[in-house]
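I opened the notebook to work through one model, going from a single residue outward to helix packing, core and charged pairs. The sequence and coordinates come before the entries.

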Amino acid sequence: MSAPRRRLGLWAALALTALLAVYVVLVAVRAVQLVATGEPVGVVLGIALLVGPLIVVALIAREWMLATDVQRMADVLAADGQLPVDDLPRSPGGRVDRAAARAAFGPYRERVEADPADWRGWYHLAFAYDAAGDRRRARAALRTASSLHRGRPAGTDLP
């Protein structure tokens, strides 16, 4: 990815995170106000509203940590000349040919099966899943790659 595109993506992510932070603060303020009423219904609703912002903050932090680690992995792979290359055939509208993506998928899966502790294999597998249109498995493979990259043991079962 080019540097200007990467910066644009970063700014967009920062802007969305800032908007979400404003929303979380507003919800948290309203929740505290409800708890402060002292009314049983208000207290219960206020506590319930406080749980939401805490979950949102935890999930956003988790996504930012994954994003920074994915970028670190991409930098390492780029320096080694091993970044995944998207050379799959596309339709005139720009969509990846699903049949070609599935056909190209095999070597990446075999690499992970041969060495499930190699984060590079999981990283490449994630992009193969993504090209094949399976975003859920792509994300799971990226999380596994990230865990292995940080030196943590990961559930290395294929998603």
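In which helix does Arg137 lie? I looked this up in what is a predicted model, and I found Arg137 in helix α5.

**Entry: Arg137.** I then checked the accessibility of Arg137 and noted a relative accessible area of 31%, so I recorded Arg137 as partly exposed. I also took the separation of C-alpha atoms between Arg137 and Ala126, which came to 7.1 Å for two residues that stand 11 residues apart along the chain.

**Entry: α4 against α5.** I asked next at what angle α4 and α5 pack. I read an angle of about 165°, with the two axes 8 Å apart. Because angles over 145 degrees count as roughly antiparallel, I wrote down α4 as roughly antiparallel to α5. On the α4 side I listed Trp119, Trp122, Tyr123, Ala126, Phe127, Tyr129 and Asp130 as making the contact, while the residues contributed by α5 include Arg135, Arg137, Ala138, Ala141, Leu142 and Ala145. I noted the crossing of α4 and α5 as left-handed.

**Entry: the nonpolar core.** I turned to the largest nonpolar core, which holds 19 residues, and asked which of them touch the most other members. They are Trp119, Trp122 and Tyr123. I saw that α2 (40-79), α3 (98-114), α4 (119-131) and α5 (135-149) each supply at least two residues of this core, and that the largest share, 7 residues, comes from α4. For Tyr123 I listed the residues touched, leaving out those up to four places away in sequence, and obtained Val70, Met73, Ala74, Leu77, Leu83, Pro84, Leu142 and Ala145. Apart from this core I found another, of 5 residues, with Leu88, Val96, Ala131 and Ala132 among them.

**Entry: salt bridges.** How many salt bridges does a search of the whole structure find? I counted 9, and I followed several of them individually.

I began with Glu63 and Arg139, whose side chains meet in a salt bridge at 2.0 Å, N to O. This pair links distant parts of the chain, since Glu63 sits in helix α2 and Arg139 in helix α5, 76 residues apart. I recorded Glu63 as partly exposed at a relative accessible area of 26%, and I gave Arg139 the label partly exposed at 39%. I also noted that Glu63, Arg139 and Arg143 are linked in a network of salt bridges.

I went on to Arg120 and Asp80, whose side chains meet in a salt bridge at 3.6 Å, N to O. Arg120 lies in helix α4 and Asp80 in the loop between α2 and α3, so I noted that the pair ties together parts that are 40 residues apart in sequence. I entered a relative accessible area of 23% for Arg120, which is partly exposed, and 43% for Asp80, which is partly exposed.

I ended with Asp118 and Arg111, which form a salt bridge whose closest N and O atoms are 3.2 Å apart. Is Asp118 buried or exposed? I found a relative accessibility of 17% for Asp118, and because buried means under 20%, I recorded Asp118 as buried. Its partner Arg111, at 32% relative accessibility, I entered as partly exposed.

Notes: Residues are numbered from 1 along each chain as its sequence is written. This is a predicted model: local features need pLDDT of at least 70, side-chain atom pairs count only at pLDDT 80 or more; totals for chains, interfaces and linings use all residues. Side-chain values use heavy atoms; hydrogens and water are left out. A nonpolar core is a set of buried Ala, Val, Leu, Ile, Met, Phe, Trp, Tyr and Cys residues joined through side-chain atoms within 4.5 Å. Buried means under 20% relative accessible area, exposed over 50%, partly exposed in between (1.4 Å probe, protein chains only). Helices (H or I, at least four residues) and strands (E, at least two) are DSSP runs, numbered from the N terminus. Contact means heavy atoms within 4.5 Å. A salt bridge is a side-chain nitrogen of Lys or Arg within 4 Å of a carboxyl oxygen of Asp or Glu. Axes are lines fitted to C-alpha atoms, for helices over the stretch in contact, and angles run from 0 to 180 degrees between N-to-C directions. Angles under 35 degrees count as roughly parallel, over 145 as roughly antiparallel, 65 to 115 as roughly perpendicular and the rest as oblique. A crossing is left-handed if the near helix is turned anticlockwise from the far one by less than a right angle, and right-handed if clockwise.
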